[in-house]
Amino acid sequence: MKLSRIFAGLLTAGLSLSLMIHTPVMAAEETAGAAAASGITTNSISGWPQGPEITSTAAVVMEDSTDTVVYAKNMDQTLFPGGTVKVMTTLLALENSQLTDQVTMTATGVSGVTDGGANISAQLDEVFTMEQCLYAMMLSSANDIALQVAEHIGGSVDSFVQMMNTRASELGCTNTVFTNPTGLPDENQHTTAHDMALIMKAAIDNESFRTIAGTASYTIPATNVSGGERVLTNNFSMMDSTNAAYYQYCLGGREGYTEASGSTLVCGAQKNDVTLIAVVLQGASGTTGTEAAGLLNYGFDNFQMLSLGDTDFNMLSGGNVYVPAGSAADALTTEDTPGETDQLNRQYYFSGTPVGTAVMAVVQKQDTTLVDQSQQNLAAAQDYSASHTNVPYYIIGGVGALLLILLLAGIIRTAKA
């Protein structure tokens, strides 16, 4: 009976221990599985704040200076870009023209008035400055102006589209193909949330783009054709204080909607010197703005910027990492690759996720042969001193002193005699 009780007790203890060991693993597997099922891959990163669920098919939030992907849901899934294409159109125009350039409307541009998209009713032979054109694209999403700017810069719309694809490749986009500068439906035109974030990063880092995209209203005065001025109001939902999607930290952006693309949106926002980029693709009409705002709040509220260069004198540039709030430098791992002469490119990781970079100076190894020999000699002397006591020297000194005293005593006796 006692043996049976002992055996039963051991069996119970073994089962309890087994459950204690395996339960956390199962929980971790369930968390990773849930993240994979929802498409929110960042939720499976160990120690990463759990991001919110959204109804849109794909989204990404990326920190501008470190390229840290804070939130990712199906970020590499190819989808239609819609009106977000105009971010690339505007960026290319800024990079390949002057704001004072004169742009004359041709049949190419005027065709955008009747193509079913947004426009400012531009007329044949009407002349605008490039600056006026860019405001029309970013504030009013004007297709007629986008087509004309493309022809003006590229010589033809097709040539400009080639420039768009080349620039996308230069920015690191791997799943983007542009076929027009407007974003109107085309089965061959597609992008990903991550690719659009890379494009928006280049745009938001351009000071002129920030100025244009962040403007609430802009007036185009009467032209050589029009009889009056055009007052453009920024129709981007996150810049409209009367819209439910209004976001006070928004720097500007662009959105669009077609039956093929659904609602699409790309924007930038800045809070406490941190700039985040948000992209939401294939959402329901009227939802992408509020979802983007929620994702931006998640990115600002749950993460922090750490500056690692303050304590590393070998760091030449970079050294900022965007990590979960409360994290310290000892939570990071690094990987170094050769850079320019006497430099290393360092990538920082949090739980295997890239969170920042730095350029490091290569520390040259000094010839330490003489130093090592000196240290060895010093150690040997210390060892000798430690193994030899001072007692013999005291005895020799005492004997010497005694002989000296006896010698002096003898001399004194001789002198008295």
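**A buried threonine, two open sheets and a helix crossing**

Thr264 counts as buried, because its relative accessibility is 0%. The model is predicted. Thr264 belongs to strand β8, which spans residues 262-271. A polar atom of the Thr264 side chain lies 2.8 Å from the backbone oxygen of Pro81. Residues up to four places away in sequence aside, Thr264 touches a run of neighbours from Phe80 through Pro81, Gly82 and Gly83 to Thr84. Its contacts also include Arg254, Glu255 and Gly256. Val280, Leu281, Gln282 and Thr288 complete the list. Pro81 is thus named twice around Thr264, once through its backbone oxygen and once among the residues touched.

The overall composition is as follows. The protein holds 11 helices and 15 strands. Of its 417 residues, 41% are buried. Contacts between residues at least 6 apart in sequence were also examined, and 57% of them join residues at least 24 apart.

Strand β8 is part of an open sheet of five strands. The order is β2-β1-β9-β8-β7, with antiparallel pairing. Strands β2 (69-73) and β7 (250-258) occupy the edges; each has a single partner strand, so one side of each lacks a neighbour in the sheet. Direction ignored, neighbouring strands of this sheet are turned by 5° against each other on average. Within the sheet, β1 (residues 58-63) and β9 (residues 274-283) run antiparallel and are joined by six bridges. Glu63 has Leu276 in β9 as its bridge partner. Two helices pack on this sheet. Helix α7 (residues 193-204) touches β1, β2, β7, β8 and β9. The direction of α7 makes about 35° with that of β1. Helix α9 (residues 288-301) touches β1, β2, β8 and β9. The direction of α9 makes about 35° with that of β8. Strand β7 is thus on the contact list of α7; the list for α9 names β1, β2, β8 and β9.

A further open sheet has four strands in the order β11-β15-β14-β13. Its pairing is antiparallel. The edges are formed by β11 (315-318) and β13 (332-338), each of which pairs on one side only. From one strand to the next, the twist averages 30°. Seven bridges link β13 to β14 (residues 343-350) in the antiparallel sense. Two residue pairs illustrate the register. Thr333 stands opposite Tyr349 in β14, and Glu335 has Gln347 in β14 as its bridge partner. Strands β13 and β14 form a hairpin with four residues between them. In that turn, Asp342 has a positive phi of about 60°.

Strand β14 continues into a second hairpin, formed with β15, with two residues between the strands. These two strands run antiparallel and are joined by eight bridges. Phe350 has Thr353 in β15 as its bridge partner. The turn contains Ser351, with a positive phi of about 50°. Ser351 takes this value although it is not a glycine. Ser351 lies in the loop between β14 and β15 (353-361). Its relative accessibility is 43%, so Ser351 counts as partly exposed.

Positive phi values also occur at other serines. Ser121, which is not a glycine, has a positive phi of about 55°. Ser121 sits in the loop between α3 (107-110) and β4 (127-129). Its relative accessible area is 43%, which means that Ser121 is partly exposed. Ser141, just after α4, takes a positive phi of about 55°.

Helix α4 itself, residues 130-140, is mostly covered. Ten of its 11 residues are buried. Among them are Met130, Met137 and Met138, together with Leu134 and Leu139. Gln132, Cys133, Tyr135, Ala136 and Ser140 are buried too.

One helix pair was examined by its axes. Two packed helices are described by the angle between their axes and the distance between the axes. The axes of α2 (residues 85-96) and α6 (residues 157-170) come within 10 Å and cross at roughly 95°. That angle makes α2 roughly perpendicular to α6. On the α2 side, the contact is made by Val85, Met88, Thr89, Leu92, Glu95 and Asn96. On the α6 side, Phe160, Met163, Met164, Arg167 and Ala168 take part. The residues of this contact divide into seven nonpolar, two polar and two charged.

Conventions
Residues numbered from 1 in each chain as written. Predicted model: local features only at pLDDT ≥ 70, side-chain atom pairs only at ≥ 80, totals over all residues. Heavy atoms only, no water. Axes fitted to C-alpha atoms, helices over the stretch in contact; angles between N-to-C directions. Parallel < 35°, antiparallel > 145°, perpendicular 65-115°, else oblique. Contact = heavy atoms within 4.5 Å. Nonpolar A, V, L, I, M, F, W, Y, C, P; charged D, E, K, R; others polar. Buried < 20%, exposed > 50% of the residue type's maximum accessible area, 1.4 Å probe, protein only. Polar contact = N/O pair within 3.5 Å; in protein donor to acceptor, adjacent residues only side chain to side chain. Pairing = 2+ DSSP bridges.
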